[in-house]
Amino acid sequence: MTQIAFAPPEQVSQAVSSIVNEPTGATVPLSKLAPEAALKRLELTIVRRLEGFLQGDHLGLLPGPGSDTSDARLYVPGQDDIRRMDWAVTARTTIPHVRDTIADRELEVWALIDVTPSMNWGTAGITKRDLGIAAVATIGFLSQKIGDRFGGLIMDPGDVTRIPARSGRMALYGLLRRMLAHPIVHDNTDGPMDVAAGLEHLARTQRRRGLRIVVSDFLTSGDIELNPNVELVWERPLRKLSVRNQVICVEVVDQRELEFPDLGEILIRDPETDFNRYVNTSDHRARERLNAATRAQRERIRVGIRRCGAAHIQLRTDRDWVEEIARFVLTYRRLASQLHTPPQGVSR
């Protein structure tokens, strides 16, 4: 717990709540998610082929959401306009569907954020979940230009909540506000959704080429494999997503997940399963084995992301995420074309 003792006073109670109990709300305000002044000189490089007609620097040729029809998807009450209902698909499936439209814009960004119970952990005044939202904010400010659109998917164990893609800074702030206000998922909440299912949903529902941001700790309950040569369960859908899109995977971790402190005998509990076990952290050999297993687990995640042809950035709750992303973006300019190499036979 020494990490908390050195945290700013206003953050101590927030950090304690995420360790002792489930957090009850956001641990970072909307105004501090991403300082725009620090990002004005940076620009995220886009190297994959897109489907727009412009370069993203100007407004589209057509006003509004566009007139060219795209794929049909399930109707979301309260979010979709009833006037865009696709009655032919609705009649065939007996389930309400709407028809998406495409405007003449260059870039469409979609962010998938994981808010499962494992993301509620944080020992430095901010939870992994809110650090992930901060990453979405920072990348959103870096990638957005006039006419470009930014949308979001919030994945909890039960379902995926879709936030429609819109253009403009105010729309981006509205998306971030909805992410922060999304209800905290309680520990041991069951549901069909995990990282693999969330990636499948993103690839299936958002068919237009663009930039995809996947924010998660990329942990799979019950997976104890540490060999990096063994494929992770979410690699196949991530590889499928990377074929048509430029993908950036943001892995969020907490310091105490990587370095176990000397706190004596503590209870280690999995928030997504019923696993719990007491471990004596005063035993340096036990700490070394735990830390070695954690490093092997994170290395396997890193290798898996690279195998899928996606860019990878790891953010920690005890570090400045804006500085980390800025350093990533500066390096990304030189390496983007090599990072996003599609499978053989697939064009950019």
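The legends below describe close-up views of a predicted model.

Local features rest on pLDDT of at least 70 and side-chain atom pairs on pLDDT 80 or more, while totals for chains, interfaces and linings use all residues. Residues are numbered from 1 along each chain as its sequence is written, and side-chain values use heavy atoms, with hydrogens and water left out.

**View 1. The protein chain as a whole, with 10 helices and 10 strands.** Helices (H or I, at least four residues) and strands (E, at least two) are DSSP runs, numbered from the N terminus. Of the 348 residues in the protein chain, 49% are buried; buried means under 20% relative accessible area, exposed over 50%, and partly exposed in between (1.4 Å probe, protein chains only). The chain exposes about 17000 Å², of which carbon and sulfur atoms supply 53%; accessible areas come from the Shrake-Rupley method with a 1.4 Å probe, and for residues only the protein chains shown count as cover. Among contacts (heavy atoms within 4.5 Å) between residues at least 6 apart in sequence, 77% join residues at least 24 apart.

**View 2. The hairpin of β4 and β5.** Strand β4 (residues 149-155) pairs with strand β5 (residues 160-167) in the antiparallel sense over six bridges; two strands pair if DSSP finds at least two bridges between them. Four residues form the hairpin connection from β4 to β5. Within the pair, Ile154 of the hairpin stands opposite Thr161 in β5.

**View 3. Surroundings of Asp80, in the loop between β1 (68-74) and α3 (87-93).** Asp80 has 10% relative accessibility and therefore counts as buried. Its side chain makes a polar contact of 2.8 Å with the side chain of Arg73; such a contact is a pair of N or O atoms within 3.5 Å, where within protein one must be able to donate a hydrogen and the other to accept it, and residues adjacent in sequence count only if both atoms are side-chain atoms. The Asp80 side chain also reaches the backbone nitrogen of Val76, at 2.8 Å. Not counting residues up to four places away in sequence, Asp80 touches Arg73, Leu74, Tyr75, Val98 and Arg162.

**View 4. The largest nonpolar core, with 42 residues.** A nonpolar core is a set of buried Ala, Val, Leu, Ile, Met, Phe, Trp, Tyr and Cys residues joined through side-chain atoms within 4.5 Å. Ile213, Val250 and Leu315 have the most contacts inside the largest core. The elements giving two or more residues to this core include β3 (108-114), α4 (128-143), β6 (211-216) and β10 (311-316). Helix α4 gives the most, with nine residues. Leaving aside neighbours within four places in sequence, Ile213 is in contact with Val109, Trp110, Ala111, Leu112, Ile139, Phe150, Ile248 and Val250. A second, separate core of 24 residues includes Val214, Phe218, Trp234 and Val247.

**View 5. Helix α4.** Because 16 of its 16 residues are buried, α4 is largely enclosed by the rest of the structure.

**View 6. Cys249 in strand β7.** Cys249 counts as buried because its relative accessibility is 0%. Not counting residues up to four places away in sequence, Cys249 touches Val214, Phe218, Leu238, Ile305, Ala310, Ala311, His312 and Ile313. Cys249 and Arg302 are 53 residues apart in sequence, with a C-alpha to C-alpha distance of 9.7 Å.

**View 7. Ala326 in helix α10.** Ala326 is buried, with a relative accessible area of 18%. Its C-alpha atom is separated by 9.0 Å from that of Thr138, 188 residues apart along the chain.
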